[in-house]
Amino acid sequence: MDSPIAKAVLAPMHGPTIEIHLNDHSELPAVVTRSRKPTHCVLTPQYLQSAERIRDLTVYEDDVWILSFPKCGTTWTQEMVWLVSHDLDYATAAEVNLLERSIFLEFSAFVLNFPGDTIKQVEDAPRPRHIQCHLPLALLPRQIWTIRPRLIYCARNPKDATVSFYHHYRHIHGYQGSKEDFLEAMLADQVLFGPQIPHTLDFWTVRQEMNILFIHFEDMKLNMKSVLRRVCKYFGKSYTDDQLSELERHLSFDVMKNNKSANNSCVLELVEGLSGKKVEDFQFMRKGKIGSHQEELSGEYVSRLDQHIETHLAGSDFRFKE
């Protein structure tokens, strides 16, 4: 991507970016191709080396896929889903890191000099596999649409997600540019894994046909017990009110951010190892607030993001929550 704004938001962790477009949509669910052109995705040239491996990945009916745009409650959802589906096995959850229990499929496909192969890690994982993925609908493995594993999608208001992603870009990706340039890149849909809103709309469009459990970050913050009941129903699990209250406490932000097995602190260690620099004053789980954009964005950018959201949602019945 050669635009000035794309160049302005280059980051050392992943380098230059490109737009990936899927030309043949024939294997995708008809409902999404009837109503809209599935979104492209901003990724890296390195991704091209793994694109077909991901598209050709063997999918199993008992797979569990946690899907989201970055910084939309992914880690939170992973821990919740793993525990609900594994009979509240807190002992294993404490002993085995979340990145091993719920593998980030394309991680090694975009991180420069990554010392491993996360696609092979998924291929070799014992079943039932839990797989985390930020890729848009069009770039997922072909077999997802015929095998129909469990799919959980977590959405978040783009204004809060944008602010969270900016801090992530600075501390994890090594971005050294200005907040203003990052915001301009988000508005131009030229940030890694973007664009966010079409990413969400594609999964919303197929949610009923593909039996996707579609949840919102904001509901997890305001009414976690209700979300937990939906997740339990989706997995055919039944827990007592006391068990759900204990799980709700385990998933609270203050507990999660200090849980080394689930707060992605090992990602910080990996980034420090690759860059040779200490990541200062940053936790992967940073604030976890609703409306945090109000503390960091000017009125002008809030207004522009509101218009950006409205433009993308035109003609859709989907709405982000505030």
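**Rings, cores and salt bridges in a predicted model**

Arg 101 lies over the face of Trp 82, 4.7 Å from the ring centre. A second case of this kind involves Trp 204, where the charged end of Arg 207 sits over the ring at 3.6 Å from its centre. The model is a predicted one, and what follows is read from its atoms.

Aromatic rings also meet one another: the structure holds 20 aromatic pairs. One of them joins Phe 104 and Phe 110 in a tilted arrangement, with 6.0 Å centre to centre and 55° between the planes. Both partners sit inside: Phe 104 is buried at a relative accessible area of 11%, and Phe 110 is buried at 4%. Elsewhere, ring pairs string Phe 69, Phe 165, Tyr 166, Tyr 169, Tyr 175 and Phe 182 together into a cluster.

Next comes the nonpolar interior. The largest nonpolar core has 66 residues, and the members that touch the most others are Tyr 47, Trp 65, Leu 105 and Leu 135. Apart from that core lies another, of 28 residues, with Ile 66, Met 80, Phe 235 and Leu 247 among them. Leaving aside residues up to four places away in sequence, Leu 105 touches Ile 54, Leu 57, Trp 65, Thr 118, Ile 119, Val 122, Ile 131, Gln 132 and Cys 133.

Trp 65 leads on to strand β3 (residues 64-68), which is largely enclosed by the rest of the structure because five of its five residues are buried. The cover is on both faces: Val 64, Ile 66 and Ser 68 are buried on one side, Trp 65 and Leu 67 on the other. Strand β3 has parallel partners in β5 (residues 130-133), over four bridges, and in β6 (residues 150-155), over five bridges. In the pairing with β5, Trp 65 stands opposite Ile 131; in the pairing with β6, Leu 67 stands opposite Tyr 153.

Gly 15 belongs to a loop, the one between α1 (4-8) and β1 (18-20). Gly 15 is nonetheless buried, with a relative accessible area of 10%. Its contacts, not counting residues up to four places away in sequence, are Leu 10 and Leu 112. From Gly 15 to Ile 119 the separation is 104 residues in sequence and 20 Å in space, C-alpha to C-alpha.

As for charged side chains, the count comes to 20 salt bridges. In one of them, Glu 27 and Arg 142 meet at 3.0 Å, N to O. Glu 27 is in the loop between β1 and α2 (30-35) and Arg 142 in the loop between β5 and α8 (144-147), so this pair ties together parts 115 residues apart in sequence. Glu 27 is partly exposed at 40% relative accessible area, and Arg 142 is partly exposed at 24%. The two also take part in a network of salt bridges with Glu 52, Arg 55 and Asp 56.

Asp 202 and Arg 36 form another salt bridge, at 2.6 Å, N to O. This one links helix α11 (residues 196-205), home of Asp 202, with the loop between α2 and β2 (41-43), home of Arg 36, across 166 residues. Asp 202 is buried at 0% relative accessibility, whereas Arg 36 is partly exposed at 22%. A further salt bridge brings Glu 296 and Lys 179 to 3.6 Å, N to O. Here Glu 296 lies in the loop between α16 (265-275) and α17 (299-313), and Lys 179 in helix α10 (residues 179-187), 117 residues apart. Lys 179 is partly exposed, at 21% relative accessibility.

Definitions and conventions: Residues numbered from 1 in each chain as written. Predicted model: local features only at pLDDT ≥ 70, side-chain atom pairs only at ≥ 80, totals over all residues. Heavy atoms only, no water. Helix = DSSP H or I, 4+ residues; strand = E, 2+ residues; numbered from the N terminus. Buried < 20%, exposed > 50% of the residue type's maximum accessible area, 1.4 Å probe, protein only. Contact = heavy atoms within 4.5 Å. Phe/Tyr/Trp six-rings, centres within 6.5 Å; stacked < 30°, edge-to-face > 60°. Lys NZ or Arg CZ within 6 Å of the ring centre and 35° of its normal. Core = buried A, V, L, I, M, F, W, Y, C linked by side-chain atoms within 4.5 Å. Pairing = 2+ DSSP bridges. Salt bridge = Lys/Arg side-chain N within 4 Å of Asp/Glu carboxyl O.
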